[in-house]
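Please examine the sequence and the structure shown below. An explanation of selected features follows.

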Amino acid sequence: MQKQKKKLMLTAVASMALTAIAGAASAETLIVASPQVPEGFDGDALKTHTQNVVVQTYENLVVYGKKVVDGRTVNDPGTVEPHLAESWKISEDGKTWVFKLREGIKSPYGNELTADDVEWSWSKSFAQKRTGNFIARVSNVVGVKALSKYEVEFTLSAPSSIFLKALTLYVPGIYDSTEVKKHATDEDPWGLKWMQSNTAGFGAYHLDSLRPDDQAVYVANKNYFGGNLYFDRVIYKEVPSEASRVTLLKTGQVHLIDRPSIQKVVDLQKDSNVKVDRASGRSIASARMNPKCKPFDDVRVRQAFNYAVDKDALNNAVFAGQADIAKSVVPPIVDGYNPDHFDYDYNPEKAKALLAEAGFPNGISEPIKLLYADAFWHQEPVAIQVADMLKKVGVNIQPTRVTTSEMRAKGSPKEMSMCFFTWEDGPIVLDPVYTMYLISHSKGVSNRSAYSNARVDELIDMSREELDAGKRLSMMDEAQKLWVTDAPWILTAYPATFEAMNPKVNGWVHYPDEHERWRELQMN
């Protein structure tokens, strides 16, 4: 009872605070309600809600082009255009790229973007050995060097089919190294401690103030090179209760709320005071099986589990029928997606027959734990649905809750010790080779369940250096077929991305990192 009272008090306080903000804010202020204020602002050291905001501050050398599909503007994964860089040249062997930066781009601190900033930023990612370092490794980048004030050279160990698309990412971010160096120390040469509560980029917005457990306030970069910004201020407000965030949106006190659950989406779609935009997802919700664990060391068991799960029924039960059924590890929004290899339509009799072939004529009575956490809202309901469906073919599955931190640790590339678990993964580079490397390669950081097929690895590694698009897609088609046959996951669905906003907000474009760009938004 005491906890409930406290929750209600916090909700009331948040509502009153936002009412005051909304009343005082100008038409140029965007208010975003989120479960939590960001815990850090370094894209290479992602903490809670870091990714949501670093994309607003750190922009990169190139961007995807745009196209209109069914009246909606979307990113075009087949086109990459200049952004911080105005042009680039490639050596004949494909291993040296020289980018010419736009002149006159400035950070909020007034420092001009130079090739030294790009070199310093990539050196930071190399040194941290985290996300940016993985991006460098998968795209064969071994060195970044300033050639002149506005020219920067990237050296690759081999030609890369991924490299240019990888440069669309927020990481490695391009930092204002002149400003960051002011806050570096001998013990902290990259200024990482300062970055926990500060930003220094060349993008559209800049962190102005931060109150932990309350709000982060961003202001427009007055020197932004990308044109006029509609919103000159963004208030990123912490509102822990999803019900409260929905109420605030419906009553017009906030403009956007962070990714609502599907239950709230269904409710919001019926409300004329709210606009809900939808985009097909690039991540896959799945139940993963580790081939190093019994009984999953037998491919017939893994295939049987796939036949035993009714994907349409699961979609309706968990995702309100609004997800896309998953039929490949490569999502539909990525070139080269091929669902034709998928042969696991719901067939419980086929599942029973395969289990019998694998030595389980009466099913599997010994309990198998299906782990889930709360990293994604759908993990628990997916686990429950999968367990119920497998029970119908005689398999005893026990959904078991663990912490998100435990699941992340056990799914890390160095461990991959979980036998059966639910999760969501997908590419933030819209490329089939990157997707397959990330998820299906034995060294992929999102493999998580120790899947390994030497031929799949070989195809991915060859494709990373193959610049002929047709040959690359052919190899990725073979890799998808092998992966589907190996059946390391129970594919369920690609959860759609929903953005709930005030009806007057326009300009939302879906990005593969699932976060809107404030620079593109405006009010009509």
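The paragraphs below treat a sheet, a helix, a strand residue and several salt bridges in turn. The model is a predicted one.

A convenient starting point is the open sheet of four strands, whose order is β4-β5-β7-β6 and whose pairing is antiparallel. Its edges are formed by β4 (85-90) and β6 (141-146), each of which pairs on one side only. From one strand to the next, the twist averages 20°. Within this sheet, β4 and strand β5 (residues 96-101) run antiparallel and are joined by five bridges. One residue pair illustrates the register: Ser87 has Lys100 in β5 as its bridge partner. Helix α3 lies across β5, β6 and β7 (151-156), and its direction makes an angle of about 150° with β6.

Helix α3 also leads to the salt bridges. Side chains of opposite charge can pair when their charged atoms come close. The structure holds 29 salt bridges. In one of them Lys124 is paired with Asp42, with 2.8 Å between the closest N and O atoms. This pair links distant parts of the chain, since Lys124 belongs to helix α3 (residues 115-128) while Asp42 is in the loop between β1 (29-34) and α2 (50-57), 82 residues apart. Are these two partners buried or exposed? Lys124 is buried, its relative accessible area being 0%. Asp42 likewise counts as buried, at 6% relative accessibility.

A second salt bridge joins the side chains of Asp214 and Lys237, at 2.3 Å from N to O. Asp214 is located in the loop between β8 and β9 (215-220) and Lys237 in strand β10 (residues 233-238), so this pair ties together parts that are 23 residues apart in sequence. Lys237 is buried, with a relative accessible area of 5%.

A third example lies within a single helix. Lys410 forms a salt bridge with Glu406, and their closest N and O atoms are 2.9 Å apart. Both residues lie in helix α14 (residues 404-410), where a separation of four residues corresponds to about one turn of the helix. Lys410 counts as partly exposed at 28% relative accessibility, and Glu406 counts as partly exposed at 31%. Elsewhere, salt bridges that share partners join Asp42, Asp44 and Lys124 into one network.

The loop that holds Asp214 lies between β8 and β9, and strand β8 (residues 205-211) contains His206. This histidine, His206, is buried, with a relative accessible area of 11%. Which residues surround His206, leaving aside its neighbours within four places in sequence? His206 is in contact with Thr57, Pro108, Tyr109, Thr199, Val217, Tyr218 and Val219.

The last element to consider is helix α12 (residues 348-357), in which Ala351, Leu354 and Leu355 are buried. Why do these residues lie on the same side of α12? They cover an arc of only 100° around the axis, which puts them on the same side of the helix. Glu349 and Glu357, on the other side of α12, are exposed. The packing partners of the buried residues of α12 are α10 (299-308), β15 (364-372) and β16 (395-401). Just after α12, the chain reaches Gly359, which takes a positive phi of about 100°.

Methods:
Residues numbered from 1 in each chain as written. Predicted model: local features only at pLDDT ≥ 70, side-chain atom pairs only at ≥ 80, totals over all residues. Heavy atoms only, no water. Buried < 20%, exposed > 50% of the residue type's maximum accessible area, 1.4 Å probe, protein only. Helix = DSSP H or I, 4+ residues; strand = E, 2+ residues; numbered from the N terminus. Arc of directions from axis to C-beta. Contact = heavy atoms within 4.5 Å. Salt bridge = Lys/Arg side-chain N within 4 Å of Asp/Glu carboxyl O. Pairing = 2+ DSSP bridges. Axes fitted to C-alpha atoms, helices over the stretch in contact; angles between N-to-C directions.
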